[in-house]
Amino acid sequence: MKYPIIFDTDPGVDDAQAIAIALRHPDIDLLGMTTTFGNVDIDTATHNALLLGELAGQPVPVAQGSACPMVKPRHPAPKHIHGDNGLGNIPLPPVTGQAESRNAAQFIVDTVRARPGEVSLVAVGPLGNLAAALQLAPEIVNLVRQVVVMGGSIREGGNVTPVAEANIFNDAHAAQKVLTAGWPLTLVGLDVTHRCILTPEHMSRIEAAQGSLGRVLAGSYDFYRAFYRDALGIDGCCPHDSVALAWLVRPELFKTTRGHLTVVTEGAAEGQTILAAEGRQFIEPRWSGTPLAQVCLEVDGAAVSQWIADTLG
Ligand code: RIB
Ligand code: CA
């Protein structure tokens, strides 16, 4: 396996598909999942993470994490997008396994310390667990292989406000800590995830190939698809969280740029991610004061959607 990862997630329809990829792709070794509030409440997130591993016949450790943002009150879960149960309100089988006794931050710290330089953190929900892990053990900044965050938007505009993407908006204070920590970080935001469309045909292939897991992915996709038809006028949906894994495994499908990230934590632009390009001088120096990070700005969206369907189909 080329990529040992911890997947930090709030499942969530598109999270569920990404979890299936993390479990199935031959180059990814899913060491465990850490859960956060976001698309659903924290107990539902943990339930769904356990369930998806069991449906795949590959249960992995699941450690429960943040139940709410670090500072502000919690924004209501987007039930109109992911359903009350996070998986499009389809009936779900019972779960037999249990979450780890360690919390998410401790799981991240222990796992990264045990394999210095090897573990990639792939975060696809609000970023409280990564912020808590940084607080617990700041040295993990130098021990991770890389951090991939599905979140933010540089040029595309937002999906919960005109400027803010959901994962960053849901805990902007945590995001500010994580995106400016100085570890090797790539932001996979709406600039690229909105260019990737998973069609009903892709989904039929996945349903046919993935057994009971495929039936849950397809059933939840049907619910999620209605949101995309109304919001973006497309027949299909954006597989946001799977795009973060595509970046990990197929970076040649993306174009990136480097710069300094800032997250707006207060006011009307709360949750906005701002990029100051590397080397560019501004009269006001604060935008260039954070460590360098990498941001995905362009993608071959058709190739990413095909990669998803091929991985699961
Ligand atoms: O903005 C897209 C992100 O928000 C994805 O992680 C999706 O699961 C939603 O929570
Ligand atoms: Ca998510």
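**Entry 1: the loop before H1**

I looked up Gly12 in this predicted model and placed Gly12 in the loop between strand S1 (3-9) and H1. I then checked the backbone there: the peptide bond from Pro11 to Gly12 is cis, and its omega is near -5°.

**Entry 2: the calcium ion**

Which residues coordinate the calcium ion (ligand 2)? I found Asp10 (OD), Asp15 (OD), Asp15 (OD), Val124 (O) and Asp241 (OD), at 2.3 to 2.6 Å. I noted the sequence spacing of these donor residues as D-x4-D-x108-V-x116-D. Asp15 belongs to helix H1, while Val124 sits in the loop between strand S4 (120-123) and helix H5 (128-136), so this pair ties together parts that are 109 residues apart in sequence.

**Entry 3: the shell of ligand 1**

I listed the residues around ligand 1 and obtained Asp10, Asp14, Asp15, Asn39, Val124, Met150, Asn159, Glu165, Ala166, Asn167, His240 and Asp241. By class, I recorded 5 charged, 4 polar and 3 nonpolar residues in this shell.

**Entry 4: polar contacts and burial of ligand 1**

I looked up the contacts made by oxygen atoms of ligand 1. An N or O atom in the side chain of Glu165 is 2.4 Å from an oxygen atom of ligand 1. For Asp241, I found a polar side-chain atom 2.6 Å from a ligand 1 oxygen. With Val124 the partner is a polar backbone atom, and the distance to an oxygen atom of ligand 1 is 2.9 Å. How much of the area that ligand 1 exposes when taken alone does the protein bury? I noted 280 Å² for ligand 1 alone, of which the protein buries 95%.

**Entry 5: the pocket**

I asked which pocket ligand 1 takes, and recorded that its space is the largest pocket. Helix H1 (13-24), helix H6 (166-170) and helix H11 (240-249) are the elements that give two or more residues to the shell around ligand 1.

**Entry 6: a backbone angle elsewhere**

I looked up Asn89, located in the loop between helix H3 (79-82) and helix H4 (104-114). The phi of Asn89 is near 60°, and I noted this as a positive value in a residue other than glycine.

Key. Residues numbered from 1 in each chain as written. Chains lettered and ligands numbered in written order. Predicted model: local features only at pLDDT ≥ 70, side-chain atom pairs only at ≥ 80, totals over all residues. Heavy atoms only, no water. Near = heavy atom within 4 Å. Polar contact = N/O pair within 3.5 Å; in protein donor to acceptor, adjacent residues only side chain to side chain. Areas by Shrake-Rupley, 256 points an atom, 1.4 Å probe, with all protein chains shown as cover. 1 Å grid on protein atoms, 1.4 Å probe; cavity = no way out; pocket = protein on both sides within 12 Å on 5 of 7 lines; lining within 4 Å. Sits in = over half its atoms within 2 Å of the grid points. Helix = DSSP H or I, 4+ residues; strand = E, 2+ residues; numbered from the N terminus. Nonpolar A, V, L, I, M, F, W, Y, C, P; charged D, E, K, R; others polar. Donors = N, O, S within 2.8 Å, 3.2 Å for Na, K, Ca; no water.
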